[in-house]
Amino acid sequence: MRRHSMSDVGGARGPAPPNALMSKIRISPSEDAPVAGGRSADDVEWGQPEKAVRYTYDEELEEWETRRVYIILSEKPFAKGGARVCYKARQLHRDGTTTLSVAKMFMKDHLPEDYFNECMIQLLARSYAKTFNELGLQRQLQFLPVGVFKLSERGGALVNIEPMLEGDYVKHNDNDGHVDTNDMYPQAFSHYTWEASGKKVIAFVLDARIGTD
């Protein structure tokens, strides 16, 4: 199967689609062991530490890497969108620290590739954001890294996990063509992706926080 890159779409380099890469897996022999306790002092009702396999995409090697890890998911979701439900998550590390994250699961049946596509779409958006920021504008645009996690103790169910940011999120536009705020900066980025890709790619549903630092 041929490798694809964003050179096939508008001439800009970017990540390859996952369907051509899911068979290229490298397993890391190390594991992040669970920390004692597994519960926080906040008001979230946490589950128990569970085994998972984390998939991350190496952009230089153009292949997926995997690592065995431990995570904790909240017992109940805290948010729901049109397609996915969100749980709080903690990624557990060997040094006893945890990373507060968001785990997003599709509410209806989806192919495994859909979770990998979410990761690749985010990588593509980050790639365009990098060149957009190089234009020297006053504000900088960033996208969160997204991983794919296979929950070993839940029959291999997949979930997307990304870092959790504190504060409120504002949706600036959506895939129905609506512009939901008066902030033209995210609209400029959407237009930039359209032009930079030769009118083949456009980034929308921009609801990440955009700051001035």
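Strand β7, residues 147-151, is mostly covered, with four of its five residues buried. The model is a predicted one, and β7 is a convenient place to start reading it.

On one side of the pairing scheme is strand β2, which spans residues 50-58. β2 and β7 run antiparallel and are joined by four bridges. To find the register in the viewer, take Val53, which stands opposite Lys150 of β7.

β7 also pairs with strand β8, residues 157-163. This pairing is antiparallel as well, and it extends over five bridges. Here the register can be read from Val148, whose bridge partner in β8 is Asn160. The connection between β7 and β8 is a hairpin with five residues between the two strands. Within that turn, Gly155 has a positive phi of about 70°.

From β8 the pairing continues to β6, a strand made of residues 98-106. β6 and β8 are antiparallel and share four bridges. Asn160 serves as a reference point again: this β8 residue has Lys104 opposite it, and it is also the bridge partner of Val148. Following the pairings in order therefore leads from β2 to β7, from β7 to β8, and from β8 to β6, where pairing requires at least two bridges between the strands.

The next step is from β6 to strand β5, residues 84-92. Nine bridges join these two strands, which run antiparallel. Gln91 in this pairing stands opposite Thr99 of β6. β5 and β6 form a hairpin too, with five residues between them. Its turn contains Gly96, which has a positive phi of about 90°.

When side chains along these strands are inspected, one general point applies. In a regular strand, side chains alternate between the two faces of the sheet.

Two cysteines can be considered next. Cys86 has a relative accessible area of 13% and Cys119 one of 2%. Because the cut-off for buried is under 20%, Cys86 counts as buried, and so does Cys119. As for cross-links, the structure holds zero disulfides.

The last stop is outside the strands. Ser197 lies in the segment after helix α2, which covers residues 184-196. Is Ser197 buried or exposed? Its relative accessibility is 0%, so Ser197 is buried. The side chain of Ser197 reaches the backbone oxygen of Thr193 at 2.8 Å.

How values were computed
Residues are numbered from 1 along each chain as its sequence is written. This is a predicted model: local features need pLDDT of at least 70, side-chain atom pairs count only at pLDDT 80 or more; totals for chains, interfaces and linings use all residues. Side-chain values use heavy atoms; hydrogens and water are left out. Buried means under 20% relative accessible area, exposed over 50%, partly exposed in between (1.4 Å probe, protein chains only). A polar contact is a pair of N or O atoms within 3.5 Å; within protein, one must be able to donate a hydrogen and the other to accept it, and residues adjacent in sequence count only if both atoms are side-chain atoms. A disulfide is a pair of cysteine sulfur atoms within 2.5 Å.
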